[in-house]
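Subject: Handing over a structure, with notes

Dear colleague,

I am passing on the structure below, together with a written account of what was found in it. Please read the notes with the coordinates open beside them.

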Amino acid sequence: MTKVIAFDAARNSTGYAYRNGLIWVTGTFNIEDYREIIQVIRNACMDGCTHAAVETPFGGPSIAGLIALQDAASRIQQRCEDAGLLCVPVRAIEWQAAQGCLKPRKETKQNARKLAVTLGAESYLTQDEMDAVCLCDYVEQNMPDMEGRWHGLGGKVVKNERL
């Protein structure tokens with residue numbers, strides 16, 4: 001069975017989400033907190049996640065902001081691949097358009113929040129968690145269309161091996 005953990009990558013508050021049965025497991029972490037990233041991914045793997053979707057940046061408030069977002073996405077993707085998860089990068093505009101959320105920024109966030117609650121997420125979650133819920137649902141619904149986009153070691157956990 002394929003299970004996906006999704007990450008809304010950011011420097012200060014990266015949101016993540018995956019389903020554990022009918023329950024959404026969500027949270028946030030700071031990208032500099034290496035131990036927390038590893039723990040989130042470890043827990044997701046123990047709960048059966050086999051794939052990871054990472055929202056990739058396509059812009060930012062500045063060049064420095066874009067570089068920070070790219071760094072966050074890259075760190076997450078690398079940790080996921082190290083854990084043996086297959087990864088797929090997904091631009092925000094892709095899942096937002098497909099899920100019917102894409103509007104001017106404020107409306108996009110409101111629509112994503114409404115969709116996440118409709119999908120069973122708790123209404124008190126942060127926007128980063130809500131976006132991760134929507135991204136996760138999008139990827140789960142579109143797995144066949146993402147064939148060829150997945151990369152990583154496909155379940156081979158990297159531990160003290162030279163490749």
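Two aromatic rings, from Phe, Tyr or Trp (for Trp the six-membered ring), are taken as a pair if their centres lie within 6.5 Å, and planes over 60 degrees apart count as edge-to-face. By that criterion the structure, which is a predicted model, holds two aromatic pairs. One of them is formed by Phe7 and Phe29, whose rings sit edge-to-face at 6.3 Å centre to centre with 70° between the planes. This pair links distant parts of the chain, since Phe7 belongs to strand β1 (residues 4–8) and Phe29 to strand β3 (residues 23–29), 22 residues apart. Phe7 counts as buried because its relative accessibility is 0%, and Phe29 also counts as buried, at 4% relative accessibility, the cut-off for that class being under 20%. Together with Tyr16, the residues Phe7 and Phe29 form one aromatic cluster.

The strands that carry these rings are worth following next. Strands β1 and β2 run antiparallel and are joined by four bridges, with Ala6 standing opposite Ala17 in β2, and the hairpin that joins β1 to β2 does so through five residues. Strand β2 also pairs with β3 in the antiparallel sense, here over seven bridges, and in this pairing Gly15 stands opposite Thr28 in β3. The hairpin of β2 and β3 has two residues between the strands, and Gly21 takes a positive phi near 75° in that hairpin. Of the seven residues of strand β2 (residues 14–20), five are buried, so this strand is largely enclosed by the rest of the structure.

Turning to the helices, how far apart should the ends of helix α5 be, and what does the model show? Helix α5 (residues 127–141) has 15 residues and should span 21 Å at 1.5 Å a residue, and its end C-alpha atoms are 21 Å apart, so the expectation and the model agree. The helix is also mostly covered, with eleven of its 15 residues buried. The buried residues of α5 include the run from Glu129, Met130 and Asp131 through Ala132, Val133 and Cys134, and among the others are Leu135, Cys136, Asp137, Tyr138 and Val139.

Charged side chains form a further topic. Side chains of opposite charge can pair when their charged atoms come close. A search of the whole structure finds seven salt bridges. In one of these, Arg75 pairs with Glu32, the closest N and O atoms being 3.8 Å apart. That contact links distant parts of the chain, with Arg75 in helix α2 and Glu32 in the loop between β3 and α1 (34–46), 43 residues apart. Arg75 is partly exposed, with a relative accessible area of 30%, and Glu32 is likewise partly exposed, with a relative accessible area of 47%.

Arg75 also forms a salt bridge with Asp71, where the closest N and O atoms are 2.9 Å apart. Because Asp71 and Arg75 are four residues apart in helix α2, they are separated by about one helical turn. Asp71 is partly exposed too, its relative accessible area being 26%.

Another salt bridge brings together the side chains of Arg149 and Glu94, at 2.9 Å from N to O. This pair again links distant parts of the chain, Arg149 lying in the segment after α5 and Glu94 in helix α3 (residues 92–98), 55 residues apart. Arg149 counts as partly exposed at 31% relative accessibility, and Glu94 counts as partly exposed at 24%. Arg19, Asp137 and Glu140 are joined into one network by salt bridges that share partners.

Finally, which residues form a nonpolar patch on the surface? Phe58, Ile93 and Leu102 do so, with about 260 Å² of accessible area together. Of these, Phe58 has its place in the loop between β4 (51–56) and α2 (63–82).

With best regards

Notes:
Residues numbered from 1 in each chain as written. Predicted model: local features only at pLDDT ≥ 70, side-chain atom pairs only at ≥ 80, totals over all residues. Heavy atoms only, no water. Expected span 1.5 Å × (residues − 1). Buried < 20%, exposed > 50% of the residue type's maximum accessible area, 1.4 Å probe, protein only. Patch = residues over 30% accessible without salt bridge, like charges linked within 9 Å, V, L, I, M, F, W, Y side chains within 5 Å. Areas by Shrake-Rupley, 256 points an atom, 1.4 Å probe, with all protein chains shown as cover. Salt bridge = Lys/Arg side-chain N within 4 Å of Asp/Glu carboxyl O. Phe/Tyr/Trp six-rings, centres within 6.5 Å; stacked < 30°, edge-to-face > 60°. Pairing = 2+ DSSP bridges.
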